[in-house]
Amino acid sequence: MDWFDFILARYNYWIFILLMMIGLYVVFARGNLVKKIVGLNIFQTSVFIYYISIGKIFGGTAPIYMGDELDAAAHHGPDSGEGAGHGAEAAAHGATAHAGAEEMQSKIDNAAPGEETLAKETLHSKIDNSALDHGNDLKDALKTAPRPEEADSLHSLPDTGDKIANTLSHVDKTPPKAGLQFTPDGLTDAAGDAAHSAAVAAHGAVEAIVYTNPLPHVLILTAIVVGVATTAVGLALAVRIREAYGTIEEDELEAADDIAEFGHQPGAPAQQAAEGAA
Amino acid sequence: MSIVAQLPVLPIVMPIMAAPITLLLPRGRAPHLWACLFTWLTFAACIALFREVAATGPISYALGDWAPPIGIEYRIDLANALVLLLVSGIASVVFPFAYRSVQLEVDQRQTPLFYGALLICMTGLLGVTITGDAFNVFVFLEISSLSTYALIAMGARRDRRALTAAFNYLVMGTIGATFFVIGIGLLYQSTGTLNMADLAQQLIGQDNRMVQAGFAFILVGMGLKLAMFPMHLWLPNAYTYAPSAVTAFLAATATKVAVYVIIRFFFSVFNFDFAFIGAAFTYVLLPLGLAGMFVASFVAVFQEDVKRMLAYSSVAQIGYMLLGLSFATVEGLTASLVHIFNHALMKAALFMAVACVVLRSGSHSIHAFAGLSKRMPVTTWAFIISGLSLIGVPLTVGFISKWYLLNAAFAAGHWYAGFLIVASSLIALAYIGRVAEVMLLKEPADDGKFVLPKEEAPLSMLVPMWILVAANIYFGVRTDLTGDIATRAAEALMMMAGGAP
């Protein structure tokens, strides 16, 4: 069954080849101009899939580069983090508790002192960034959040984390009042969820980060733009052809051109085509 | 940040910035003058670049200051400096020429769009030539192609078949470009880079099936774009029904740029260590070049439409270019580059002469040319001189091309190709001679089917046309100019490909 594994292991290429052939076949076999454009689109899409699949790395995350931020955080020290960062950190505390405080605790407990600060910095920047991803609402909420005392140091995480974990289960699902309060009562579900994913991202950042290759994505974004433009021009031409000829069937167009050029329909083929269309 | 340091990017940035502004200008003279101004500026920048490259050697320009191979690199050596000069030079002659012709052949409301699209088309062609990044070639290729589709479709005012011609070209061109992208993707997958110089480094020793497939995709994709026989089917209709000025510009530049891309990939990205390059030369380019020369020339003889006849002749001439580079010698490559340059000069002049006839008689059928020498002698002689150049008569550029080609054919040991080159030139004599006979000897048919031209074409068309005709003769006499540059460019390309100098 070697050949079977061979095929199965490269399934992305088979999808690409299949789509490519379908697209090309439609372009050549169909006489309708719009269907030709459809075929062209399928053909182009197959190439997009091919490019994206060659950029995939197993276990790779979204290619968002964080190196600069890590460096900056290391230079500025722990105190430089302003409201948003602290708010995010605070949210992360809650999230860790939410997700399972023990796991994170052990992680940080086991870490050597040096690594611990690093982990903290990473958390800082990571969460800051992913919080941004979660929309402006959360960002604003984080900014307006009062600076929580507990959040100043991760050392206190085991205690506070436990506390939060305990209290969080009793949180009543009232909508947020004013900003994100880092008190167990104020911590709302939405913020908690967002912070949860932020914490997961931060978790990954502690280990070596594997990115998916971003270049094929960028290339394909460009190619998609080109493809959209081509489709637009092609459809515009189809509209103009419809206006000028009254049809978008290729054989009828050819028949019309023959009549225009030779003054008569050149024999059977065109007639048959006309009948076929009728 | 002096302007001179930014010189390599100017031929791209200037026209592409100017193009959208063209649309904002009021209808009438303004868009045309604006577009002309920018083609001249671009031409000036290209001349400056060319002098710089000829004097000091290849220039590398990192776009946005991202160092290659990560960033996009513009890399100009003699080969593409020559093509840049050609494209911008032809544009700076065709744009002023276009005004009257466009007035007649393009809808008045569309003229700002027309000049905008023409500027974008030129930018795309220049970009394909100048860039040193494989994916960037695709982007610029599509920039020029998309505007070309629109430009061809604008011929619909005179003949609605322009629309179907543009549509067919769009389908073929997009398939070609997508094949090219697949090829680039395969190369990227095996090397992890897109920069051409870096690709060449990374590809050393990688003679595997993936690289071969990538090469094949690039060859077929570009073959579609450059109308390599038998993938030329889009070309005759597109050239016939496009507005005459567009045809003059495209016939002189678009296919030449695609040939340049083939040369660039064959010699600068791949090299002669790959067995498949030799196979492609011997089993693809050589026979297809020869077949194109003959089949397309034969078809041209039987055309009733002069524009379509010249379009088929273009396919045949591309055969010569492919033949030249298929010898894989310095002489052959020189002949190819010289012919790229020379054929642009003669085809542009010929199509411009047709445009003049269309302006005055309203048709490009051969019957409209009857007795033209009495009514439009200046245009007639422009057509005949550039026609002689196409055939390859001494003292014209066509002769120089053929001379270099024959030299290369015999030096490479393909003596039969030498005879075939001469034989196919005789076919060119047949189809050009046919038009010349009609123009000089026939009396105009007085059946009212065609408008009899009452006067010579306006000066705004005659002057640009005769500039090109003069260039046909000038470069036919001063052979050292193009020949020297092409030889140096060919030697540099050969060095890159690792062939015998």
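# A walk through chains A and B

Start by selecting strand E2 of chain B, residues 73-76, and look at its two faces: both are covered. On one side sit B:Glu73 and B:Arg75, on the other B:Tyr74 and B:Ile76, and all of these are buried. If you wonder about that back-and-forth pattern, side chains in a regular strand alternate between the two faces of the sheet. Keep in mind as you click around that this is a predicted model.

**The partner strand**

Now add strand E1 of chain B, residues 59-62, to your selection. E1(B) and E2(B) run antiparallel to each other and pair over four bridges. Which residue stands opposite B:Tyr74 in E2(B)? Show side chains and you can pick it out: B:Tyr61.

**Zoom out to chain B**

Next, show chain B as a cartoon. You'll be looking at 19 helices and two strands. Its radius of gyration is 21 Å, close to the 23 Å that the globule rule gives for 501 residues, so chain B is as compact as a globular protein of that length. Turn the chain around and you can follow its C-alpha trace, which spans about 70 × 55 × 40 Å along the principal axes. Of its 501 residues, 64% count as buried. And if you take contacts in chain B between residues at least 6 apart in sequence, 79% of them join residues at least 24 apart.

**Two domains**

Time for some colour. Paint residues 1-178 + 231-270 of chain B one colour for domain 1, and 289-501 another for domain 2, following the domain assignment. The centres of these two domains, taken over C-alpha atoms, are 21 Å apart. Where they touch, 35 residues come from domain 1 of chain B and 40 residues from domain 2 of chain B.

Stay on the domain 1 side of that contact. Three helices of chain B each give two or more residues to it: H3 (78-105), H9 (234-241) and H10 (244-269). Which element gives the most? Highlight H10(B), with 15 residues. By class, this side of domain 1 has 24 nonpolar, eight polar and three charged residues.

**One residue up close**

While you're on helix H10 of chain B, click on B:Ala248, which lies in it. Is B:Ala248 buried or exposed? It counts as buried, because it has 31 C-beta neighbours inside 10 Å, and the cut-off for buried is 20 or more. Setting aside its neighbours within four places in sequence, select what B:Ala248 is in contact with: B:Val94, B:Ala348, B:Phe351, B:Met352 and B:Ala355. For a distance check, draw a line from B:Ala248 to B:Pro394: they are 146 residues apart in sequence, and their C-alpha atoms are 24 Å apart in space.

**Where the chains meet**

Now bring chain A back into view. The contact between the chains takes 25 residues from chain A and 23 residues from chain B. On the chain A side, helices H3 (33-55), H10 (214-245) and H11 each supply at least two residues. H10(A) gives the most, with 13 residues. This side of chain A is made up of 18 nonpolar, four polar and three charged residues.

**Last stop: a helix and its end**

Finish on H11 of chain A, residues 250-262. At 1.5 Å a residue, its 13 residues should span 18 Å, and its end C-alpha atoms are 18 Å apart, which agrees. Then step along to A:Gly263, just after H11(A), where phi is positive, at about 85°.

Notes
Residues are numbered from 1 along each chain as its sequence is written. Chains are lettered from A and ligands numbered from 1 in the order in which they are written. This is a predicted model: local features need pLDDT of at least 70, side-chain atom pairs count only at pLDDT 80 or more; totals for chains, interfaces and linings use all residues. A residue is buried if 20 or more other C-beta atoms lie within 10 Å of its own, exposed if 12 or fewer, and partly exposed in between; C-beta atoms are placed from the backbone. Two strands pair if DSSP finds at least two bridges between them. Domain bounds come from an automatic or database domain assignment. Two residues are in contact if their C-beta atoms, placed from the backbone, lie within 7 Å. Ala, Val, Leu, Ile, Met, Phe, Trp, Tyr, Cys and Pro count as nonpolar, Asp, Glu, Lys and Arg as charged, and the others, Gly among them, as polar. The radius of gyration is taken over C-alpha atoms; the globule rule is 2.2 Å times the number of residues to the power 0.38. The expected span of a helix is 1.5 Å times one less than its number of residues.
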